[in-house]
2 protein chains.
Amino acid sequence: MFDVFFSHILEKVSLTEREKELLKTYFTYKKLRKKQFLLEEGEVCHYLSFVERGLLKSYNTDEKGIEHVSLFAWEGWWTSDLSSFFKEEKAIFTIDAVEDSEILMITLADFEKMTIEIPVMDRYFRILFQNSLFTKEQRLLSSVTYSAEEKYLRLAESNAQLLLRVPQNLIASYLGITPETLSRIKKNISRR
Amino acid sequence: MFDVFFSHILEKVSLTEREKELLKTYFTYKKLRKKQFLLEEGEVCHYLSFVERGLLKSYNTDEKGIEHVSLFAWEGWWTSDLSSFFKEEKAIFTIDAVEDSEILMITLADFEKMTIEIPVMDRYFRILFQNSLFTKEQRLLSSVTYSAEEKYLRLAESNAQLLLRVPQNLIASYLGITPETLSRIKKNISRR
DNA sequence: AAACAAACTTGATATAGATCAACGCTGACT
DNA sequence: AGTCAGCGTTGATCTATATCAAGTTTGTTT
């Protein structure tokens, strides 16, 4: 139940057996069926969640009702509306399960307790957030600099697995283009 | 020389006098004249820098030679090509001074020493990177969801100071639109 | 297996914003 | 004080991608 969890954390920091046992106590295990919501826009996001198995997406819905996927999270990733979670404000993102999933959830109060009692978790999350920043920076640059086709090709290169696991309309949404445009792009690419 | 520096760090974590003195020893002070480079694309980024005074921008230049501003950093902000700094890879960003500036710089080796010897700095940077993530998430959402005019209005609201301090062509670049478009947007807004 | 709803494709048309070009203003350096 | 480069404005045109619409394929539920 904590397999993926510990293997991911121990890649970045060391924990004693005692710390491991303590760490477990802060988390709640939950199963989600495909399409089930973990968070809905407008609620306060009460959990930071680690994906043990499955795949979730977090997205924002605009005035026209169009969904813009902000992040996919599968085995070994964390997901949450970070801003809502840490500031206890209303969430701007919705999170739901793309596949049946199993997650480990922690509340803000427990997160704070955890960083006090296991200070090395501050280091773990420092490294985690730092790596997240690289990715976000790349995406931001990509979204401003490249054409729709280049964005798709770059995603295909950097994240081939995603394309196999996620329906094309969600990929389009993640890239910030319409499904129609993505369909045409793929046709053009395969014609060459 | 470390005024802004300590006031910003002490907002987030506490330090003993001993830790403060030790912390200082890891940083190098540097003055930059307007237009002077702190980092050029293709180099490895050897420093993470805190801005004591002034204003820097970090940007990426595309194949057409167009600059895309990724981040402005003024008093109390950190700047670096994070990915290049932490992975010791070639930088994709260039950083230069928009105004005469004074900065405090730390190398990766010293950063690592610092987090070992003053573990609470892991916490400081965890919180810092976490806050950065909120902002990047917002910008990404904004860049995909909103029209050029909405992006501008949102920036004006959330960051009025920036508009006063930075030339309009850089604001356009930061928003991912052309200077011509921004000029037209402002005209439209003021006509109403 | 039938029936229905998603997901994907293809074509026609519309549009936001880019690009190209010319000109005026401002402020920095000689 | 004069000159020149950079910044901002405005207009005309172009283009990548969105939007709208219809049809096809795939997958899920009963």
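Helices (H or I, at least four residues) and strands (E, at least two) are taken here as DSSP runs, numbered from the N terminus. The structure is a predicted model, in which local features need pLDDT of at least 70 and side-chain atom pairs count only at pLDDT 80 or more, while totals for chains, interfaces and linings use all residues. Residues are numbered from 1 along each chain as its sequence is written, chains are lettered from A and ligands numbered from 1 in the order in which they are written, and side-chain values use heavy atoms, with hydrogens and water left out.

The account begins with DNA strand C. Helix H8 (168-175) and helix H9 (179-190) of chain A, together with helix H9 (179-190) of chain B, each supply at least two residues of the surface near this strand, a residue being near if one of its heavy atoms lies within 4 Å. H9(A) gives the most to that surface, with four residues. The residues around DNA strand C number 16, and those that come nearest are A:Gln168, A:Asn169, A:Arg184, A:Lys187 and B:Thr181. By class, the surface near DNA strand C divides into three nonpolar, seven polar and six charged residues; Ala, Val, Leu, Ile, Met, Phe, Trp, Tyr, Cys and Pro count as nonpolar, Asp, Glu, Lys and Arg as charged, and the others, Gly among them, as polar.

On the DNA side, 65% of the atoms of strand C within 4 Å of the protein belong to sugar or phosphate, and the rest to bases. A polar side-chain atom of B:Thr181 lies 2.4 Å from a phosphate oxygen of DNA strand C. Bases are approached as well: an N or O atom in the side chain of A:Arg184 is 2.8 Å from a base nitrogen of strand C, and one in the side chain of B:Arg184 is 3.0 Å from a base oxygen of strand C.

DNA strand D is surrounded by 16 residues, the closest being A:Ala148, A:Thr181, B:Gln168, B:Arg184 and B:Lys187. Sugar and phosphate account for 62% of the strand D atoms that come within 4 Å of the protein. Two phosphate distances may be given: a polar backbone atom of A:Ala148 is 2.8 Å from a phosphate oxygen of strand D, and a polar side-chain atom of A:Thr181 is 2.5 Å from a phosphate oxygen of strand D. A:Arg184, already placed beside a base nitrogen of strand C, also has a side-chain N or O atom 3.0 Å from a base oxygen of strand D. The largest share of the surface near DNA strand D, four residues, comes from H9(B).

The two protein chains also meet each other. Their contact (heavy atoms within 4.5 Å) takes 34 residues from chain B and 34 residues from chain A. Together they bury about 3,300 Å², 69% of it on carbon and sulfur atoms; buried area is the accessible area (1.4 Å probe) that two parts lose on being put together, summed over both. Six salt bridges are found across this interface, each a side-chain nitrogen of Lys or Arg within 4 Å of a carboxyl oxygen of Asp or Glu. One of them joins B:Asp122 to A:Arg123, with the closest N and O atoms 2.9 Å apart. On the side of chain B that touches chain A, strand S5 (67-74), helix H3 (82-87), helix H4 (108-117) and helix H5 (120-145) each give two or more residues. H5(B) provides the largest share, 18 residues.

Terms used
Polar contact = N/O pair within 3.5 Å; in protein donor to acceptor, adjacent residues only side chain to side chain.
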